[in-house]
Amino acid sequence: KVNTRRGHVMCAIFFPVGIYQRDDKDATKRIDINAFHQCLNHRNKADLSKTADKLSIAVTGDYQGHIHCARGKLKKLKISKVFKDGYEKPGERIAIDATSCSTVSHGGNRVVNMKMDYGSGKKWATFLKRKSEIPQDCMEFVEYVTQVKGRPPMFIRLDNSAENKKFAKMCHTKYKTTIFEFTARDTPQQNGRIEAAIAATWNQVRAMLDGVELINYEKTKLWK
């Protein structure tokens, strides 16, 4: 029973073999402070000292920072969703991302390939039957932008999937001035603007389908 600022806490301490010692002369329990740190679920040094005093335990050795504590506190770096690079002219910077639905639509499609222009904020969605069609769809979009603006996009941001790498190779063969920005694995926040646009679009589609008095199975097939 340990007294804390939030009240009394009942605890049980399990000592692995070899780290718990008892001196019969003064009947004082001794334990290495780093082993004690692991026994108490990696608590901080102040908590270790208070707990040891309360339980009449003499801690020995020097406290060392534990690598498992550092790994336990790991988290992804926060990335600002505010675009500050200054490429705001329509057609200069394009973001591409794909999403899919577990149910095949009435049109036979499963994949939605979304493209967004950073300068104008305009979005284009193409419905595809499989992911293998993404490279050709992206290539056709770049050709469309080139025809409308008279030049290819300067920057294209997308994730590093196999389909996008194939598209980048196809595009670089024809438009060598376009720079591809591949986001790191499992970091959708690096392409946050189009990720947010996809989420908002799906929410709007679900809201519209929710107003249709059909069974749920039919609703999931009406998105295209």
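These are my notebook entries on one chain, read from a predicted model.

**Entry 1: the chain as a whole**

I began with the overall tally, and for the secondary structure of the chain I noted seven helices and ten strands. The chain has 224 residues, of which 32% count as buried. I then looked up the contacts with a separation of 6 or more, and found that residues 24 or more positions apart account for 55% of them. For the surface I wrote down an exposed area of about 14900 Å², with carbon and sulfur atoms supplying 52% of it.

**Entry 2: the five-stranded sheet**

Next I traced an open sheet of five strands, whose order is 8-7-6-9-10 and whose pairing is mixed. Strand 8 (123-128) and strand 10 stand at the edges, and because each has a single partner strand, one side of each is left without a neighbour in the sheet. Neighbouring strands of this sheet are turned against each other by 20° on average, with direction ignored.

I then went through the pairings one by one. Strand 6 (residues 93-100) runs parallel to strand 9 (residues 155-159), with three bridges between them, and Ala95 is the residue that stands opposite Arg157 in strand 9. Strand 9 also pairs in the parallel sense with strand 10, here over five bridges, and in that pair I found Phe182 of strand 10 as the bridge partner of Leu158. I checked the cover of strand 9 as well, and it is mostly covered, four of its five residues being buried.

On the other side of the order, strand 7 and strand 8 run antiparallel and are joined by six bridges, with Met114 opposite Ala125 in strand 8. These two strands form a hairpin with five residues between them, and in the turn Gly121 has a positive phi of about 80°.

**Entry 3: helix 4 on the sheet and beside helix 5**

I turned to what lies against the sheet, and found that helix 4 packs on it, touching strand 6, strand 7 (111-117), strand 8 and strand 9, while the direction of helix 4 makes about 25° with that of strand 7.

How do helix 4 and helix 5 lie relative to each other? Their axes come within 8 Å and cross at roughly 40°, and the two helices are therefore oblique to each other. The crossing is right-handed. In the contact between them I listed residues of helix 4 including Ile134, Met139 and Val142, which belong to a set that meets residues of helix 5, among them Glu163, Phe167 and Met170.

**Entry 4: Ile134**

I picked out Ile134, which lies in helix 4 (residues 134-149). With a relative accessible area of 3%, Ile134 is buried, the cut-off for that class being under 20%. Leaving aside neighbours within four places in sequence, I found Ile134 in contact with Ala98, Val111, Asn113, Leu128, Glu163 and Asn164. I also looked up the pair Ile134 and Asp97, which are 37 residues apart in sequence and 9.7 Å apart in space, C-alpha to C-alpha.

**Entry 5: Trp124 and Thr183, in the edge strands**

Is Trp124 buried, exposed or partly exposed? Trp124 has its place in strand 8, and at 21% relative accessibility this residue counts as partly exposed. Not counting residues up to four places away in sequence, Trp124 touches Asn113, Met114, Lys115, Met116, Asp117, Phe141 and Tyr144. Between Trp124 and Asn113 I noted a distance of 8.2 Å, C-alpha to C-alpha, with eleven residues of separation in sequence.

Thr183 is found in strand 10 (residues 179-183), and its relative accessibility of 8% means that Thr183 counts as buried. Apart from neighbours within four places in sequence, Thr183 is in contact with Arg157, Leu158, Asp159, Asn160, Gln190 and Asn191.

**Entry 6: a positive phi at Ser56**

Last, I looked at a backbone angle. Most residues other than glycine have a negative phi. Ser56, although not a glycine, has a positive phi of about 55°. I placed Ser56 in the loop between helix 2 (45-54) and strand 5 (57-60), and with a relative accessibility of 52% Ser56 counts as exposed.

Key
Residues are numbered from 1 along each chain as its sequence is written. This is a predicted model: local features need pLDDT of at least 70, side-chain atom pairs count only at pLDDT 80 or more; totals for chains, interfaces and linings use all residues. Side-chain values use heavy atoms; hydrogens and water are left out. Buried means under 20% relative accessible area, exposed over 50%, partly exposed in between (1.4 Å probe, protein chains only). Contact means heavy atoms within 4.5 Å. Accessible areas come from the Shrake-Rupley method with a 1.4 Å probe; for residues, only the protein chains shown count as cover. Two strands pair if DSSP finds at least two bridges between them. Axes are lines fitted to C-alpha atoms, for helices over the stretch in contact, and angles run from 0 to 180 degrees between N-to-C directions. Angles under 35 degrees count as roughly parallel, over 145 as roughly antiparallel, 65 to 115 as roughly perpendicular and the rest as oblique. A crossing is left-handed if the near helix is turned anticlockwise from the far one by less than a right angle, and right-handed if clockwise.
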